[in-house]
Number of protein chains: 2
Amino acid sequence: MTGIRDVARLAGVSTATVTRALRDDASVTAATKARVKVAAARLDYVPSAVARALSQGRSNLLGLFVPDIVNPFYAQVAQGLEDRAAEARYHCVIVSSHLDPERERHLVTSIQDGTLAGLAATTVGTDEAFTAALSGKRGPLVLVDRRPRGIKAPLVRTNNRKITRDAVGRLLGLGHTRIAMISGPRDFDTASQRLSGFRLAHRDANRTVDEDLVRHGHLGESGGFTAMRELIAMPSRPTAVFCFNNLVTVGALNAIREARLKIPTDMSVLAFDDMSLFPLVDPPITAIAQPAYEMGLTAADMLLRLIDGETTLPDIVLPSTLIMRDSLAPPGFT
Amino acid sequence: MTGIRDVARLAGVSTATVTRALRDDASVTAATKARVKVAAARLDYVPSAVARALSQGRSNLLGLFVPDIVNPFYAQVAQGLEDRAAEARYHCVIVSSHLDPERERHLVTSIQDGTLAGLAATTVGTDEAFTAALSGKRGPLVLVDRRPRGIKAPLVRTNNRKITRDAVGRLLGLGHTRIAMISGPRDFDTASQRLSGFRLAHRDANRTVDEDLVRHGHLGESGGFTAMRELIAMPSRPTAVFCFNNLVTVGALNAIREARLKIPTDMSVLAFDDMSLFPLVDPPITAIAQPAYEMGLTAADMLLRLIDGETTLPDIVLPSTLIMRDSLAPPGFT
DNA sequence: TTGTAGGCGTTATCAG
DNA sequence: CTGATAACGCCTACAA
């Protein structure tokens, strides 16, 4: 490896001058600056990021922790984070845990071992050990989408409650009286916020929520599938369903298809989270679209500011939007 | 930050012994080992990965370079790479370039500046400067999916030609005589391999391909959309279309929908790359599924071996499979 | 404006 | 089996 000393020698200056020249420090003659740069170029010199990080006590790596990078929601968050990070010349270390506690632990060490300058995280919120470690330890931390119990850190999220209230309101307005909700784990604040919106919408319409119709703790395609199956099997089954997130929706759609029910005739479907293929599904799915990419952008911004020394940042709430397609109709509509 | 010296002091040993003890080196008494570990635990000591990397001349970071992490194909590759990397206690730096040359350049420096122990890359293959830089520079490199012209490095890819030949053969067997192909850029070897399979299938069936029906250089949803639009507008339009990849397929589907054509009655659709929602599209889309996750796993394996000192690795070809759904039918079938 | 020298936290070599 | 000590490559006071 060609190092700074080689450049210094070739340019006939000291190593100190080399760093300064390469940083375009004002206190260096244009002449020497040029000489150094030529030398560096001739030698194909690239400063060691590792040595620099050690010397400065700060790396140029941002961490992003997500449950599943294959989930398009998180992929978009990642892209947003990375785009903004790249502008600031940071790289991103992405850890997609698959909910594996071992992986989460590995990550925690990383944030402590100086690899990362900061971390943006969406934790599953269930692994106490992980969150404890996270909260106890050092380094800028930003939360994305939800805040695990007991973690103090700025959060970027969306207006879960309000958008849900509006969207479910539409369903009620269509005349549905038996609306199911396939909700996530009770300890996800996103789940409780969306559930709260669900209840508020009912209250707005002077209706009461049938608690048998709200299913808790479902996650992923399989969660959505089994929950929907149960819902379909109910003696008096719901005429509409509101799904907690994108994967749950996919699972529910599969269950509906399996039961040969027609959407929206037999079952209206409202999804939280949009997907690029929803417009092509039979029928096109009405969905609440979260600004996932912007969430990533924002998380990076916050992280950068934290790294920059700002000490307290407010939570940021980004607006989701309801995208009307064809999966909502009055109950029994043909 | 609590460092190794603190631990050494507390345990009453030297820093050398601390490293050894923490590594469970055989040459350390069980007793002192225990003492050191207790001390380390008490102080919440976490070795600096940066310092270690500098000292050892090797980081624990793998790089993954992809055009677009939001594309589920690449997301799956990333997940595979990361899963395998995690087993070996490596983290992954993911760069999703969005085809931005500036970003690509940034990445190239990273691989030169010691941040990364190795790099797995799917380059767009069009930016000469980037590939040149890549090939010239140091460090283990593995190619994923395709090989840009002139880059010497082991590659993990799929059996593009054969699977395409088989799948298009089905279309021919159904009786189609005017099959279109929306292909990618001519300089993608994946495009030429799939195109070659397309031609072979025709030869197998003693048919000749109508060159007007093969559209080159299309990428992404917009590429698929415009290509499909043109195809539909042809005086004697095709009765089937084979799409180069997942995004192109989505674009094509949108164009078909826009033209109010029925699949498969008016147009059979064969997709390269499967998507999780294809089963739910109207109608469910028949697709060639690439083992994207396994490609990531394999890429990580290769990288790890390269890092481990192995010098030459053979290319690896993984098999794709055709997943029959309902988007293929005889021409004009009702 | 430029050079000297010490330090960043580990690991590894070489004695003891 | 354990301890000093010299790298690793860069940055940054401080001095000139």
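These questions and answers walk through a predicted model of two protein chains and two DNA strands.

This is a predicted model: local features need pLDDT of at least 70, side-chain atom pairs count only at pLDDT 80 or more, and totals for chains, interfaces and linings use all residues. Residues are numbered from 1 along each chain as its sequence is written, while chains are lettered from A and ligands numbered from 1 in the order in which they are written.

Visitor: What rotation superposes chain A on chain B?
Guide: Copies are superposed by least squares on the C-alpha atoms of residues with pLDDT of at least 70 in both. The RMSD is 0.1 Å, and the shift along the axis is 0.1 Å. The rotation is 180 degrees. The two copies are thus related as by a two-fold rotation axis.

Visitor: Which helix of chain A gives the most to the side that touches chain B?
Guide: Two residues are in contact if their C-beta atoms, placed from the backbone, lie within 7 Å. The contact takes 41 residues from each of chain A and chain B. Helices are DSSP runs (H or I, at least four residues), numbered from the N terminus. With seven residues, the top giver is helix 5 of chain A.

Visitor: Why do the copies meet through the same surface?
Guide: Take the interface residues of chain A. The copies meet through the same surface because the share of these that are also interface residues in chain B is 100%.

Visitor: How many residues does the largest nonpolar core have?
Guide: A nonpolar core is a set of buried Ala, Val, Leu, Ile, Met, Phe, Trp, Tyr and Cys residues joined through C-beta atoms within 7 Å. Buried means that 20 or more other C-beta atoms lie within 10 Å of the residue's own, with C-beta atoms placed from the backbone. Among the residues with the most contacts inside this core are I182(A) and A252(B). The largest core has 94 residues.

Visitor: Which element gives the largest share of the surface near DNA strand C?
Guide: A residue is near a strand if its C-beta atom, placed from the backbone, lies within 6 Å of it. Of the 24 residues around DNA strand C, A51(B) and S55(B) are among those that come nearest. The largest share, five residues, comes from helix 4 of chain B.

Visitor: And which helix gives the most near DNA strand D?
Guide: DNA strand D is surrounded by 24 residues, with I4(A) and A51(A) among the closest. Five residues come from the top giver, helix 4 of chain A.

How values were computed
Buried ≥ 20, exposed ≤ 12 C-beta atoms within 10 Å, placed from the backbone. Helix = DSSP H or I, 4+ residues; strand = E, 2+ residues; numbered from the N terminus.
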